[in-house]
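Work through these exercises with the model on screen. Try each task before you read its solution.

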Amino acid sequence: MRRYLPQFPLYATLPDKLGWWAVRALCVAVLAFLLAPILVMVPLSFSESSFLAYPIHSWSLKWYQHLFDSPEWARATRNSFIVAPAATVIATALGTLAAVGLSRADFRFKGAVMTILIAPMVVPIIVVGVATYLYFAPLGLADSYFGLIIVHAALGAPFVLTTVLATLAGFNHNLVRASLSLGETPLSTFFRITLPVIAPGVISGALFAFATSFDEVVVTLFLAGADQSTLPRQMFTGIRENISPTIAAVATLLILFTTSLLLALEWLRGRRA
């Protein structure tokens with residue numbers, strides 16, 4: 001097997017090589033510092049103790065059993081897998097259509113429209129939560145799945161928009177013109193020509209939208225009632241009221257789930273490249 005060694009310039013000096021290794025050692029140290037608080041939860045989920053504490057004297061799977069047997073956690077899991085996929089479908093559809101429209105159109109206020117569309121990415125989430133609650137409450141959309149799905153879709157759509165726009169930057173629009181010149185309708189051209197080419201970007205944006213909705217807790221605290229409690233909200237409630245190693249078990253499963261999404265995203269990026 002061929003070994004890939006670091007490539008230095010032909011006339012690299014000893015300080016240059018030391019600096020090269022120092023930068024990489026610093027990157028590894030920063031990465032370990034960021035990951036340590038996340039990974040420290042994994043062993044705690046297998047502890048038999050009723051407290052989140054080290055050292056671990058005995059090991060057990062009872063907190064995973066409690067997680068799967070608890071009706072509260074089961075309801076929260078069900079709600080998360082209702083809200084997140086529905087919000088992802090809406091966000092993906094709207095974000096993709098907006099990206100295609102913006103990439104092909106050229107008008108005076110295009111920059112302003114783009115700024116408005118990506119505003120949910122930069123506006124503080126607490127502002128979004130308060131604003132949506134004040135707007136949805138008189139309409140009867142608070143404490144409802146519909147209101148929660150709409151807001152989660154609005155939070156995820158900018159990720160789809162920016163990802164698909166980046167993919168469309170290298171798209172050859174002559175393919176669309178050729179398809180239209182051969183008699184295809186615009187709708188048929190989109191599904192048969194445009195969408196297959198930009199599919200990796202669409203799927204990447206959908207994964208970002210799904211992760212955004214699945215991990216969202218602030219807006220859910222404002223809009224969701226007891227029946228719409230999601231996993232992040234249930235974890236937040238558990239931390240405030242009764243800290244249990246069950247939270248560590250949920251966190252471990254979420255780490256595995258999120259890691260799988262990121263690996264799938266990297267695979268799609270590789271295919272797009």
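**Exercise 1: Two crossing helices**

The crossing of helix 4 and helix 8 is right-handed: the near helix is turned clockwise from the far one by less than a right angle. This is a predicted model, where local features need pLDDT of at least 70, side-chain atom pairs count only at pLDDT 80 or more, and totals for chains, interfaces and linings use all residues. Residues are numbered from 1 along each chain as its sequence is written, and side-chain values use heavy atoms, without hydrogens and water.

Task: Find how the axes of helix 4 and helix 8 cross, and classify the angle.

Solution.
- Step 1. Locate helix 4 at residues 71–104 and helix 8 at residues 145–168. Helices here are DSSP runs (H or I, at least four residues), numbered from the N terminus.
- Step 2. The axes come within 5 Å and cross at roughly 40 degrees. Axes are lines fitted to C-alpha atoms over the stretch in contact, and angles run from 0 to 180 degrees between N-to-C directions.
- Step 3. Helix 4 and helix 8 are therefore oblique. Angles under 35 degrees count as roughly parallel, over 145 as roughly antiparallel, 65 to 115 as roughly perpendicular and the rest as oblique.

**Exercise 2: The core**

Task: Which element gives the most residues to the largest nonpolar core?

Solution.
- Step 1. The largest nonpolar core has 27 residues. Such a core is a set of buried Ala, Val, Leu, Ile, Met, Phe, Trp, Tyr and Cys residues joined through side-chain atoms within 4.5 Å. Buried means under 20% relative accessible area, exposed over 50%, partly exposed in between (1.4 Å probe, protein chains only).
- Step 2. Helix 4, helix 7, helix 8, helix 10 and helix 11 each give two or more residues to this core.
- Step 3. Helix 8 gives the most, with 10 residues.
- Step 4. Leu 223 is among the residues with the most contacts inside the core. Beyond its neighbours within four places in sequence, Leu 223 is in contact (heavy atoms within 4.5 Å) with residues including Phe 136, Asp 143 and Val 151.

**Exercise 3: An unusual phi**

Task: Where is Asp 143, and is its phi positive or negative?

Solution.
- Step 1. Asp 143 sits in the loop between helix 7 and helix 8.
- Step 2. Its phi is positive, about 60 degrees, although Asp 143 is not a glycine. Most residues other than glycine have a negative phi.
- Step 3. Asp 143 counts as partly exposed because its relative accessibility is 49%.
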